[in-house]
Amino acid sequence: MKGTLKSCLLSKEYIQAKNSMLLLFQVLEIFPPVEEDAKEIKEVIEKFDSNYPNHEDLKKRGESYLTVLKKKIDQLPKVDRTEIKKKANEKDKKPSASSHKNKEEETK
């Protein structure tokens with residue numbers, strides 16, 4: 001969800017950015033779920049002035065969202081995604097019992 005929202009917010013298409021801002025307000029209680037995501041969204045919204053110089057409404061929505069998000073960031077959990085990715089990669093590399101059975105059947 002974060003990636004899609006970021007690309008829409010960075011888009012030069014006004015409607016995509018506007019709809020993304022509306023969605024962010026609607027899901028504010030559950031998204032972003034962690035501090036890292038919140039900081040990434042914050043950085044994108046801070047660029048609204050340069051991306052949408054002729055859309056005051058969008059800049060004001062962005063400012064409003066940033067005000068709320070800045071308060072929320074301190075309350076969000078910090079997650080080290082590098083450790084999560086390492087564990088996922090290790091899990092993917094371990095052969096499962098079913099794959100072992102399949103190899104035995106292939107050799108018969």
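The exercises below, each with a worked solution, concern a predicted model.

**Exercise 1. Describe the secondary structure of the chain and its share of buried residues.**

Start with the elements: the chain has seven helices and zero strands. Along the sequence the pattern therefore reads α-α-α-α-α-α-α. Next comes burial: of the 108 residues in the chain, 31% are buried, where buried stands for a relative accessible area under 20%. Last come the contacts: taking those between residues at least 6 apart in sequence, 74% join residues at least 24 apart.

**Exercise 2. Find how many salt bridges the model has, and work out what the one between E40 and K6 connects.**

The cut-off is a side-chain nitrogen of Lys or Arg within 4 Å of a carboxyl oxygen of Asp or Glu. With this cut-off the count is seven salt bridges.

For E40 and K6, the closest N and O atoms are 2.9 Å apart, and the two residues form a salt bridge. The next step is to place the two partners. E40 belongs to helix α3 (residues 35-45) and K6 to helix α1 (residues 2-10), so this salt bridge ties together parts 34 residues apart in sequence. As for accessibility, K6 has a relative value of 23% and is therefore partly exposed.

The pair also belongs to a wider set: K2, K6, D37 and E40 are joined into one network by salt bridges that share partners.

**Exercise 3. Compare the setting of the salt bridge between K78 and E35 with that of the one between K59 and E56.**

Take K78 and E35 to begin with. Their side chains form a salt bridge with an N to O distance of 3.5 Å. K78 sits in the loop between α5 (56-73) and α6 (81-93), while E35 sits in helix α3, so the pair links parts 43 residues apart in sequence. The two ends have these accessibilities: K78 is exposed at 65% relative accessible area, and E35 is buried at 12%.

Now take K59 and E56. Here the closest N and O atoms of the salt bridge are 2.9 Å apart. Both residues lie in helix α5, three residues apart, which is about one turn of the helix. K59 is buried, with a relative accessible area of 12%, and E56 is partly exposed at 45%.

The setting can then be stated for each pair: K78 and E35 connect a loop with helix α3, whereas K59 and E56 both lie in helix α5.

**Exercise 4. Classify the aromatic pair in the structure and say which helices it ties together.**

The structure has one aromatic pair. The ring centres of F25 and Y65 are 5.4 Å apart and the ring planes stand at 85°. Planes over 60 degrees apart count as edge-to-face, so the pair of F25 and Y65 is edge-to-face.

To place the rings, note that F25 is in helix α2 (residues 14-26) and Y65 in helix α5, so the pair ties together parts 40 residues apart in sequence. Their accessibilities are as follows: F25 is partly exposed at 32%, and Y65 is buried at 0%.

**Exercise 5. Describe how α1 and α2 pack, and name the residues that meet.**

Two packed helices are described by the angle between their axes and the distance between the axes. For α1 and α2 the angle is about 135° and the axes are 7 Å apart. An angle over 145 degrees would count as roughly antiparallel, and 65 to 115 as roughly perpendicular. The helices α1 and α2 are therefore oblique to each other. Their crossing is left-handed.

The contacts complete the description. From α1 come L5, C8 and L9, which meet Q16, A17, S20, M21, L23 and L24 of α2.

**Exercise 6. Locate K70 and V79, and find how far each lies from a residue elsewhere in the sequence.**

K70 is placed in helix α5 and is partly exposed, with a relative accessible area of 45%. Leaving out residues up to four places away in sequence, K70 touches K42 and E46. K42 is 28 residues from K70 in sequence, and their C-alpha atoms are 8.1 Å apart.

V79 is in the loop between α5 and α6. With a relative accessible area of 31%, V79 is partly exposed. Its C-alpha atom is separated by 9.7 Å from that of D37, which lies 42 residues apart along the chain.

Terms used
Residues numbered from 1 in each chain as written. Predicted model: local features only at pLDDT ≥ 70, side-chain atom pairs only at ≥ 80, totals over all residues. Heavy atoms only, no water. Helix = DSSP H or I, 4+ residues; strand = E, 2+ residues; numbered from the N terminus. Buried < 20%, exposed > 50% of the residue type's maximum accessible area, 1.4 Å probe, protein only. Phe/Tyr/Trp six-rings, centres within 6.5 Å; stacked < 30°, edge-to-face > 60°. Axes fitted to C-alpha atoms, helices over the stretch in contact; angles between N-to-C directions. Parallel < 35°, antiparallel > 145°, perpendicular 65-115°, else oblique. Left-handed = near helix turned anticlockwise from the far one by under 90°. Contact = heavy atoms within 4.5 Å.
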